[in-house]
Amino acid sequence: MRAADFPYLATPTPLALAHRGGAKLAENAGLENTLVAFGRAVAMGYRYLETDVHATRDGHVVAVHDPRLDRVTDATGAVADLPWEAVAAARIGGSEPVPLLADLLEAFPDARLNIDVKADTALAPTLRVLRDHDALDRVCLGSFSPRRVRAIRRELGPRVATAAGQVGTAALRFSPALLSRLLHTPAPVLQIPAEHRVAGRTLTLVTPGLVRRAHALGKQVHVWFHDWSREDADEYHRLLDLGVDGIVADRIDVLRDVLDQRGHPLTPRSGH
C-alpha cells in the first residue's frame, strides 16, 4: 500500500508529530499525554498528535505510555489491573486527569492521531473506540508487536493506515534484494528510530538508501528517537536533509522553528 492511498497521510510533508503532546515543551513538563499538553501542541499548529494506549480492567482505552501509573501520576498500579474509576481519579503531574482515547478524538476533531497500541488487552477496545467515533481515516496504528499490527489489519482492512513493525523496517534497511516479500509490507509508513541498538552495536537505520527505497515503494519514513536527549535543531535538520517525511518530536517548539526556517511553517490555532 502507498501512502497516497490513505487520508491520514494526505497532507504535504514533512509532517510534524507531537510526541505525547510534546513532552519536552517547557510548559508541558510533567504533563505528557494530557489534554492540556495536546491542546498546547494543537495551538502551536500541530495537526498530528502521537500517543500510546492501554486499556483498563473494564475495557476503557486511556492515552498513557507506561503500563503502570506510577511514573507520571499520583497513583500506583498497572492500568490493566485497575477499573476506569480508579484510573480516572489519578492525576498526571498532580493536576491533570488521564485522558481517554475518546477524549482526544472529541477534543481535537481536526487532529490526526498516531496511536501505539501497547498491550493485547488494549487492541479490541481501541478498535471499538475508533469505529464508534468514525475515526478510521484520522489515525495511523502501530505497535512493537508485529502480531498486533497484523490483527489490526485483519480487523480494520486496507482503509486504515498502519506503521511497519521492526521486521518490515529491517528488511527495507538490510535486505540485499527487492524479492523479499517484507519489502512490500502493507504499511504505508515506516516509523523508526534514527538509530537502534542490537547485541551491543548501534545501527544507523535512517540512511539515504533507506529513504530512497521506501519512497520508491510509495511509503513514507517517520523518525522518532530511542535517546530523546539527542533531539535538537541540528538533528532535525539532518533528518530532513535525508528526506524523511515526518518527525515525532518531544521538543515541539524547536521542531516548529526548524520547519519555519525551512519554509514549512505550522499554522498556529486558537481556541485550545
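Mentor: Let's start with a term: two residues are in contact when heavy atoms lie within 4.5 Å. Keep in mind that this is a predicted model.

Trainee: Thanks! With that in hand, what share of the contacts with a separation of 6 or more comes from residues 24 or more positions apart?

Mentor: Those residues account for 63% of such contacts in the protein.

Trainee: And what makes the protein as compact as a globular protein of its length?

Mentor: The protein, with 9 helices and 13 strands, has a radius of gyration of 18 Å. The globule rule gives 19 Å for 272 residues, and the two values are close, so the protein is as compact as a globular protein of that length.

Trainee: How many of the residues count as buried, as a percentage?

Mentor: Buried means under 20% relative accessible area, and 54% of the 272 residues are buried. The largest nonpolar core holds 85 residues, and Ile115 is one of those with the most contacts inside it.

Trainee: Which residues does isoleucine 115 touch, leaving aside its neighbours within four places in sequence?

Mentor: Among them are Thr51, Val53, Leu101, Leu130 and Leu141. Leu101, Leu130 and Leu141 are also among the residues with the most contacts inside the core.

Trainee: Leu130 sits in helix H4, residues 120-132. Which elements cover the buried residues of H4?

Mentor: The cover includes strands E2, E3, E6 and E7, together with helices H3 and H5. Beneath it are buried residues of H4 including Ala122, Leu123, Thr126, Leu127 and Leu130.

Trainee: What is the phi of aspartate 134, just after H4?

Mentor: Aspartate 134 takes a positive phi, about 50°.

Definitions and conventions:
Residues are numbered from 1 along each chain as its sequence is written. This is a predicted model: local features need pLDDT of at least 70, side-chain atom pairs count only at pLDDT 80 or more; totals for chains, interfaces and linings use all residues. Side-chain values use heavy atoms; hydrogens and water are left out. Helices (H or I, at least four residues) and strands (E, at least two) are DSSP runs, numbered from the N terminus. The radius of gyration is taken over C-alpha atoms; the globule rule is 2.2 Å times the number of residues to the power 0.38. Buried means under 20% relative accessible area, exposed over 50%, partly exposed in between (1.4 Å probe, protein chains only). A nonpolar core is a set of buried Ala, Val, Leu, Ile, Met, Phe, Trp, Tyr and Cys residues joined through side-chain atoms within 4.5 Å.
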